[in-house]
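Reader: I should like to go through this structure step by step. Please explain how each answer is reached.

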Amino acid sequence: MSENVEKYIKRKVYKSTSSRIAQKFVDAGLEKIRACINCGTCTGSCPSGRRTAYRTRSAIRRALTGDESVLKDIDIWLCSTCYYCYERCPRDIPVTDMIIKLRNIAVEEGYILDSHFGLANDIFYATGHGVPATGENNKKWRDLRESYGLPPLPPTVHSYPEAVKECQELMNAVGFRKLLDNAAKLKEERAQAAKKDKEE
Amino acid sequence: MVKENTFAFFLGCLMPNRYPAIEKSTKFVMQKLGYEILDMERATCCPAPGVFRSFNKGDWMVAAARNLCIAEKLDSDILTVCNGCFGTLQEVNKHLKENKEHRELVNEKLKLIGNYEFRGTIDVRHVAEVLGYEVGPWGIEDVIIRKVNARAVIHYGCHFLKPTRIREIESSEGPTIIEEFVEALGIESVRFKEQLTCCGAGGGVKAYDGTASMRIFGEKMKNIDEVKPDFILDICPFCHLQYETGQDYLNKNKSCNYDYPVIHLSQLTAYCMGMDQEFIGLQYQLMGREYIFGGEEKEEEVI
Ligand code: SF4
Ligand code: SF4
């Protein structure tokens, strides 16, 4: 990429002309989003877009132009992180990382899907695994492990309860706990406001 | 120094907790090939590159670094059998080795829970790449006791090869690493339309919108069904789950009638190296429960 383009995409974001979203991309070192030429190669490569209303190019464009509606657009959660767009973008933009960043900003602002919140809160935070084998419901999987001559629980956090605590401490320290609680709170506030609007 | 011929075995979630046959097979294969396999005690979920990274990339990196530290303490490279675990651990490992600022940030956090420090001393490997490039079709030939004469479709999944500039394995547009390896096991791999696209499970899509996930998957299955393979071969327990539960879903909801066995590369290789069919575990899977590997024993056993 030419030096000029490099300078252009790294330039400061001016409040009057640009947006909060753009600033967050710059802060995260993802200012390269500004190199997008809106060509649509990403959308053309997207297996998810072929089957749903999700359009990669449009999500990128809205992020770039500061259209904040993109944050609450649940379609950005239809990216399967397959990396086709990332591989093929003619401007070498790590497109998938951009979508992930959009989701990170969305979660920060309380746009988190219930199923994902449950996964993060009730499963990962609680057990250290994304798909656990503990609990009464999962007995059949422990039995299956034993039938192969494996210990009923793997030697992961599952076998070391104190390690689950350790991970929770780590997640508290990095702010993950706070992120989840805040997202839940914002979501609840929004739901209440919507309810009130409806009543009036 | 990293120990030679030794791997810290990163289990992840789906393999140990849903498909223990893959765990058993991987250990069987690697130990028979002469590798030492070490447990990574206290490891967590990688955490998943789709859903978990989508909450906060920094937090995802710290949790992954904790897992990497466990292997560093064992002075061993990590072995994974899952594209998701590979995606997370390989990317974070590479990134933290290269980015001093992030490494320091991560270590600051890790220090808070005690004896963890990311030093950047190990590599992260995927079993498909160890088998395909390190053992190689040339090397496996000598240690198998039987071949499976079957036609299979190969599903690479997404995060094994992509992003190519981070993984640095081979081109994602026309890979052959697995085809070449399994040819030595007697497999004729059949190409099918849109072979390299996603199974539709990743990125939190399966958790959030099962219907969308199934629409992407349904198209995959249609393309596979056109070439009528004996089974579907994958290298990732999450793709494995998608192919299993997905066929079941399409049968129940879209009046399909699929029953293609779903087999992980480790399961296939273990069978060829002498593990009993019973331990391959198809009888506990959802699809192709009755499937028995064909093929014949090799005449003279060279071990
Ligand atoms: S492929 Fe790259 S340049 Fe083209 S629209 Fe997508 S992000 Fe922009
Ligand atoms: S990574 Fe996401 S946006 Fe990009 S092609 Fe794949 S599903 Fe579409």
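**Questions on a predicted model**

Reader: How do the residues of the shell around ligand 2 divide into nonpolar, polar and charged?

Author: The model under discussion is predicted. The shell around ligand 2 includes A:Cys46, A:Pro47 and A:Tyr54, which count as nonpolar. It also includes A:Thr56, A:Ser80 and A:Thr81, which count as polar. Over the whole shell, the division is 8 nonpolar, 4 polar and no charged residues.

Reader: Which residue around ligand 2 has a positive phi although it is not a glycine?

Author: Most residues other than glycine have a negative phi. One residue of the ligand 2 shell, located in the loop between helix 5 (69–72) and helix 6 of chain A, has a phi of about 75°. That residue is A:Tyr83.

Reader: How many residues does each chain bring to the contact between chain A and chain B, and what area do they bury?

Author: The contact takes 61 residues from chain A and 66 residues from chain B. Of the buried area, 60% is on carbon and sulfur atoms. The area that the two chains bury between them is about 5,800 Å².

Reader: Which three residues supply more of the area that chain A buries against chain B than any other three?

Author: Together these three residues supply 12% of the area that chain A buries against chain B. One of them, A:Tyr83, also belongs to the shell around ligand 2. The three are A:Arg51, A:Tyr83 and A:Tyr148.

Reader: How many salt bridges does the rule find across the interface of chain A and chain B?

Author: Over all chains, the count comes to 24 salt bridges. One that links the two chains is formed by B:Arg66 and A:Glu166, with the closest N and O atoms 2.9 Å apart. This distance lies within the 4 Å that the rule requires. Across the interface of chain A and chain B, the number found is 8.

Reader: Why does the pair A:Arg50 and B:Glu194 join two chains?

Author: The closest N and O atoms of this salt bridge are 3.4 Å apart. A:Arg50 lies in the loop between helix 3 (41–45) and helix 4 (56–65) of chain A, while B:Glu194 lies in the loop between strand 6 (187–189) and helix 9 (205–208) of chain B, so the pair joins two chains.

Reader: Which helix gives the largest share of the side of chain A that touches chain B?

Author: Across the interface, the rule finds 33 residue pairs in polar contact. Several helices of chain A each supply at least two residues of the side that touches chain B, among them helix 7 (95–108), helix 8 (114–127) and helix 10 (161–174). The largest share is 9 residues, and it comes from helix 10 of chain A.

Reader: Which peptide bond joins B:Pro163 to its partner, and is it cis or trans?

Author: Most peptide bonds are trans. B:Pro163 lies in the loop between strand 5 (150–155) and helix 7 (164–167) of chain B. Its bond with B:Lys162 has an omega of about -5° and is cis.

Reader: How far apart are the C-alpha centres of domain 1 and domain 2 of chain A?

Author: The domain assignment gives domain 1 as 3–108 and domain 2 as 114–199. Their C-alpha centres lie apart by 29 Å.

Notes
Residues are numbered from 1 along each chain as its sequence is written. Chains are lettered from A and ligands numbered from 1 in the order in which they are written. This is a predicted model: local features need pLDDT of at least 70, side-chain atom pairs count only at pLDDT 80 or more; totals for chains, interfaces and linings use all residues. Side-chain values use heavy atoms; hydrogens and water are left out. Contact means heavy atoms within 4.5 Å. Buried area is the accessible area (1.4 Å probe) that two parts lose on being put together, summed over both. A salt bridge is a side-chain nitrogen of Lys or Arg within 4 Å of a carboxyl oxygen of Asp or Glu. A polar contact is a pair of N or O atoms within 3.5 Å; within protein, one must be able to donate a hydrogen and the other to accept it, and residues adjacent in sequence count only if both atoms are side-chain atoms. Helices (H or I, at least four residues) and strands (E, at least two) are DSSP runs, numbered from the N terminus. A residue is near a molecule or strand if one of its heavy atoms lies within 4 Å of it. Domain bounds come from an automatic or database domain assignment.
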